[in-house]
Amino acid sequence: MKLRLQEWWFRNRSLIGFVFIFPWFAGFIIFDAMPFIYNLYLSFTDYQIGTVGVPPWIGLENYSEIFNEDKLFSKSMYNTLYYLGYSVPLRLIFAFFIALILNLRVRGMELYRTLFYVPSVVPLVAATVIFAGFLNTRYGFLNQFLVLIGAAPVRWLSSPDAIKPSLILLSLWGFGAQMIIFLAGLQGIPEDLYEAAAIDGGTGWQRLVYITVPLMTPTIFFNLLMGLIGGFQVFEQVFILIGTHGGPLQAGLVYMLHVYNKAFRDFEFGYAAALSVILFLIIFVLTILLVYTSNRWVFYGDAQDNET
Amino acid sequence: MKVSRLFGLAIALMMLLSLGLAPTLAQDCEGEVIELEFMNWWGAHREALMDTLIGHFEAENPCIRVINQVQPWDNRAELLATAAASSNPPGIIMSTRPETYQFALSGLIIPIDAYVEAEGTDISVFYDGEIGLQYWNGELYGLPMPTAGLISPLYFYNKNMLRDAGFDPENPPQTWQEMEEVARAVTVADAMGVEVLGTSLGNNGDAFVFWLYTNNGKYSSDDGRTLLFNSPEGVETLEWMVNFTNEINGGVENMTDFFQDVNFSQGDHPFFDDALAMLHINSAAFGHLNNVEPDLYWDTDSWGVMIRPYNGDNPDAKHTGVTGYNFVGAWAYTIPAAHPPEKQAAAFKFAEFIGVHELGGCAFLFAQSRPSPVQACNENPAYYEINPYWDKVKEALAVDTPVQITPVQGQLAEILTNSVEEAFFGVKSAEDALNDAHAEMQALLDEFWAEFDANNM
């Protein structure tokens, strides 16, 4: 009996595998693939709120309007790229640096690790509200500190020049997730490599540059990719901190805020769908490029071993 | 006692309660009970008041059960859009004028003229300017409550601050020039911004339009097809706003900072701390003030109310308010098209109760010391006992002027706000900013009307 069951199991192992992945696959089809395809379809229509039946097909009209007439498309894209250009590398460096410190063998390190991760479990809404107070021109901690050291106060949320730096500063708050991944990566680096380097007289800096960083490139690559994808879709914190208008002179109008306004303020869902398809394509192409170029700078130990 | 037993008891208690409640409705109603989900934004602090209104309605209409669905203000746009467009929308929706027009244009809500006629609803009880705002393309889509008026024409002022600055608190500023004089004397600023403020004129499109009318300007033509705000009066208004803000208040950034994180309805506002002399605010402020600072509310030696100042240098200018222009003005109760006729009829009964019944909007607004869009409600002498400035309220209602808008008002207002901001930040001159906004907005408006006319030929 047991043998027959084993045989059946072996013969149908593919089918059983499919059964196990079915819940995920069904979720993917219903909640990801179908909405994506429908969104793609809507982007070629003039779908507005209240459209009954099949929305009118207008071909590439939405896309043409986005590229030729929509001033806020370029503005929101610029704002998003600016945000990405600073927030992604800064967060990577910050998370990596903290992970390096937390990887030291010091008494009570578990406590420090927990403390550094705590901000990441604070809900984004709460964190943003805290930051709003933190950035208050007159009473906020940041300006109080700047005045204390003799610097001029910054109008974090009221000056068009300071809005984007404020958002970038806020993005650093959520470094905990990246830090944990870096920490896991650091703990996977063989100790004997550092011992060998020490024997050869390698300094701390040399160990960092020639051992730690190269061996951490797969983790850096992963965090970079996730950071870029998340950065393009930044929305909640901006929405809470400066509202749908995007702050003074719309200096904080990020791309997703523009999509939101088109969908829910102007009720132009077809147009908003086209905007989100463009964002998808940008993220998709960037991801492909990153994956393609990763062969040149990401160190996969196994691959090299196989080659040698 | 074990947790499971406690849980069981709680379930049993809930079932008993529900059994006890259900027959009450069934006994009073001879027929099927219609449930009406009432999507509204009256806020948690007015929930009990609204429940009282609903209680009175249900007592008169036992076969209709209204479910008070107070919604959070955050994410309002997406909540409303998705609810209205869904196949199962709420039974009745509280919407603003631009939303009502958008929904009407999209066929998401029904015109109520037939119900008004069938039920014999006397809509002449509303001020003409109030009910007039709820018509789109010649059809009535909702009954108003609260007033669309009194969004802009009033300002509250701090008598102590005026007195301390050497002004007569019983003769507050009536013109732009007088207001400037007070503001110059009161405002205290330093490197960190403003500590004590005379007044803020606002720095968005809404504020510009409000001040434009006090300079004898107009936003649009009476048919809503031509925008007129970039007139010489418009340019003069925006230049005055920018100069006032820069010279007296130290720039627009100071104003954003000064009003950051303040909330009048929760008592967290510089007006309560003697840090703001004149506050341009809508009539909801009476109820909020009474709620959060009841002692101050009745201390009429400390604060007063006046009508929005006008340009004293323009002989044609006068005290004026603007109704139906901005996003939070001109609320109405609209009925989704997706429901069967019996539910729509029930929704109309509730809308009618809110609109014209003495125990509806009339009592609801009276409890908040604010006026009703129904003229007779405001004649109630008891208002003088609950609102120390009732005469001013009535005076302000009389100066309100309706503005014609279209379903694309949200987009137009956003363009105007962007341009007004550009003038405040010195990116463009007031004239260039308004002309550029006008060109962009008029093109959008023309496109809308062209499509509208083509579909309605």
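This note sets out numbered remarks on selected features of chains A and B in a predicted model.

1. Nonpolar surface of chain A. A nonpolar patch lies on the surface and is formed by Phe36(A), Ile37(A), Leu40(A), Phe280(A), Leu281(A), Phe284(A), Val285(A), Leu286(A), Ile288(A) and Leu289(A). Together these residues present about 870 Å² of accessible area. Helix H2 (13–42) and helix H14 (269–297) of chain A are the elements that each contribute two or more residues to the patch. The largest share, seven residues, is supplied by H14(A).

2. Leu281(A) within that patch. Leu281(A) is located in helix H14 of chain A. Its relative accessibility is 45%, so Leu281(A) is classed as partly exposed; the class covers values between the 20% limit for buried and the 50% limit for exposed.

3. Backbone of Gln250(A). In the loop between helix H12 (236–242) and helix H13 (255–265) of chain A one finds Gln250(A). Although Gln250(A) is not a glycine, its phi is positive, at about 55°. Gln250(A) has a relative accessible area of 3% and is therefore buried, the limit for that class being under 20%.

4. Backbone of Phe267(A). The loop between H13 and H14 of chain A holds Phe267(A). Here too a residue other than glycine has a positive phi, with a value near 60°. Is Phe267(A) buried or exposed? Phe267(A) is buried, because its relative accessible area is 4% and the class requires a value under 20%.

5. First sheet of chain B. Five strands of chain B make up an open sheet with mixed pairing, in the order S2-S1-S3-S13-S6. The edges are occupied by strand S2 (64–70) and strand S6 (143–144) of chain B. Each of these has a single partner strand, so one side of each lacks a neighbour in the sheet. The pairing of S6(B) with strand S13 (residues 332–334) of chain B is antiparallel and comprises two bridges. Within S13(B), Ala332(B) is the bridge partner of Pro144(B).

6. Helices on the first sheet. Helix H3 (residues 76–85) of chain B packs on the sheet and touches S1 and strand S3 (92–95) of chain B. The direction of H3(B) makes about 145° with that of S3(B). Helix H2 (residues 47–60) of chain B lies across strand S1 (34–40) and S2 of chain B. The angle between H2(B) and S2(B) is about 170°.

7. A cis peptide bond. Met145(B) and Pro146(B) are joined by a cis peptide bond, with omega at about 0°. Pro146(B) belongs to the loop between S6 and strand S7 (154–158) of chain B.

8. Second sheet of chain B. Another open sheet has five strands in the order S8-S9-S10-S7-S11 (chain B), again with mixed pairing. Strand S8 (188–190) and strand S11 (303–307) of chain B are its edge strands, each pairing on one side only. From one strand to the next, the twist averages 30°. S8(B) and strand S9 (residues 193–199) of chain B run antiparallel and are joined by three bridges. In S9(B), Val194(B) is the residue opposite Ala189(B).

9. Helices on the second sheet. Helix H12 (residues 284–292) of chain B packs on the sheet, in contact with S7 and S11 of chain B. Its direction makes about 35° with that of S7(B). Helix H8 (residues 176–186) of chain B lies across S8, S9 and strand S10 (276–280) of chain B, and runs at about 150° to S9(B).

10. The edge strand S11(B). What covers does S11(B) have on its two faces? Both faces are covered: Trp303(B), Val305(B) and Ile307(B) are buried on one side, and Gly304(B) and Met306(B) are buried on the other. Five of the five residues of S11(B) are thus counted as buried. S11(B) and S7(B) run antiparallel and are linked by five bridges, and Asn158(B) stands opposite Trp303(B).

11. Surroundings of Gln174(B). Gln174(B) is placed in the loop between helix H7 (159–164) and H8 of chain B. With residues up to four places away in sequence left out, Gln174(B) touches Met306(B), Pro309(B), Tyr310(B) and His319(B). Gln174(B) counts as partly exposed because its relative accessibility is 32%. Gln174(B) and Ala189(B) are 15 residues apart along the chain, and their C-alpha atoms are separated by 25 Å.

Notes. Residues are numbered from 1 along each chain as its sequence is written. Chains are lettered from A and ligands numbered from 1 in the order in which they are written. This is a predicted model: local features need pLDDT of at least 70, side-chain atom pairs count only at pLDDT 80 or more; totals for chains, interfaces and linings use all residues. Side-chain values use heavy atoms; hydrogens and water are left out. Patches are made of residues with over 30% relative accessible area and no salt bridge: like charges are joined within 9 Å, nonpolar side chains (Val, Leu, Ile, Met, Phe, Trp, Tyr) within 5 Å. Accessible areas come from the Shrake-Rupley method with a 1.4 Å probe; for residues, only the protein chains shown count as cover. A salt bridge is a side-chain nitrogen of Lys or Arg within 4 Å of a carboxyl oxygen of Asp or Glu. Helices (H or I, at least four residues) and strands (E, at least two) are DSSP runs, numbered from the N terminus. Buried means under 20% relative accessible area, exposed over 50%, partly exposed in between (1.4 Å probe, protein chains only). Two strands pair if DSSP finds at least two bridges between them. Contact means heavy atoms within 4.5 Å. Axes are lines fitted to C-alpha atoms, for helices over the stretch in contact, and angles run from 0 to 180 degrees between N-to-C directions.
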